[in-house]
Amino acid sequence: MQKIDKTPEQWRAMLDPEQYQVCRLKGTERPFTGKYNSERRAGIYHCICCELPLFDASTKFDAGCGWPSFYAPIEESAMVEIRDMTHGMIRTEVTCAQCDAHLGHVFPDGPPPTGLRYCINSVCLDFKPREGA
């Protein structure tokens, strides 16, 4: 996978302030405010920074946590997992493998078949519905 490397100025020019704060500075959106939290159409969720396909909507589920949740990425190679010890917790951050955008975190409390819950910020995603969805 070819890495995308841009300067902070280039990222600021292409992202809105909230997208920049979350994707590039590892922020988070407030729970239950993201535009994709309640999205139910069939389609593919892409990285907002580089358009890498990340999640198929068929793996999305309602975790009740306030952020879009998925039990598996389209390709495991699309994400990098990083140990996150901020905020007095030990979590696993997930970033886009192509552009290093912070996406959210993955937790071991999801549904079958993986048992994982990828808790992802809506502002990090670009949803492309399938035709007819």
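**View 1. Two cysteine pairs sit without a bond between their sulfurs.** In this predicted model, the sulfur of cysteine 49 has its closest cysteine sulfur in cysteine 23, at 4.0 Å. That is too far for a bond, because a disulfide requires the sulfur atoms to lie within 2.5 Å. Cysteine 49 is buried, with a relative accessible area of 6%. Turn next to cysteine 50, whose closest cysteine sulfur belongs to cysteine 96 at 3.5 Å, again too far for a bond. Cysteine 50 counts as buried too, at 13% relative accessibility. The total for the structure is zero disulfides. As a reminder, a disulfide is a covalent bond that joins the sulfur atoms of two cysteines.

**View 2. Six strands make up an open antiparallel sheet.** If you trace the sheet across, the order is E3-E4-E8-E7-E6-E5. Which strands stand at the edges? They are E3 (60–61) and E5 (79–84), and each has a single partner strand, so one side of each is left without a neighbour in the sheet. For background, strands of a sheet pair through backbone hydrogen bonds, in either a parallel or an antiparallel sense.

**View 3. Edge strand E5 meets its partner E6.** Strand E6 spans residues 91–96 and pairs with E5 in the antiparallel sense over six bridges. One place to zoom in is arginine 83, whose bridge partner in E6 is threonine 92. The loop between E5 and E6 holds histidine 87. Here the backbone deserves a look: histidine 87 has a positive phi of about 60°, although it is not a glycine. Histidine 87 is exposed, with a relative accessible area of 67%.

**View 4. The loop between helix H2 and strand E1 carries asparagine 37 and phenylalanine 32.** This loop runs between H2 (17–23) and E1 (43–47). Is asparagine 37 buried or exposed? Asparagine 37 is buried, with a relative accessible area of 16%. Leaving aside residues up to four places away in sequence, asparagine 37 touches Phe32, Lys60, Gly66, Trp67, Pro68 and Ser122. Phenylalanine 32, by contrast, is exposed at a relative accessible area of 56%. Phenylalanine 32 also has a positive phi of about 65° although it is not a glycine.

**View 5. A cis peptide bond links two prolines.** The bond from proline 112 to proline 113 is cis, and its omega is near 10°. Where is proline 113 placed? Proline 113 lies in the loop between E7 and E8. For context, most peptide bonds are trans, and most residues other than glycine have a negative phi.

**View 6. The largest pocket draws on three strands of the sheet.** Its volume is about 310 Å³. How many residues line the largest pocket? The lining has 17 residues, and Gly27, Thr28, Arg91, His102 and His105 lie nearest the centre of the pocket. E6, E7 (102–107) and E8 (117–120) each supply at least two residues of the lining. E7 gives the most, with four residues. If you are thinking about the chemistry of the lining, its residues divide into four nonpolar, eight polar and five charged.

Conventions
Residues numbered from 1 in each chain as written. Predicted model: local features only at pLDDT ≥ 70, side-chain atom pairs only at ≥ 80, totals over all residues. Heavy atoms only, no water. Pairing = 2+ DSSP bridges. Buried < 20%, exposed > 50% of the residue type's maximum accessible area, 1.4 Å probe, protein only. Contact = heavy atoms within 4.5 Å. 1 Å grid on protein atoms, 1.4 Å probe; cavity = no way out; pocket = protein on both sides within 12 Å on 5 of 7 lines; lining within 4 Å. Points joined across faces, edges and corners; volume = space filled by probe spheres on them. Nonpolar A, V, L, I, M, F, W, Y, C, P; charged D, E, K, R; others polar.
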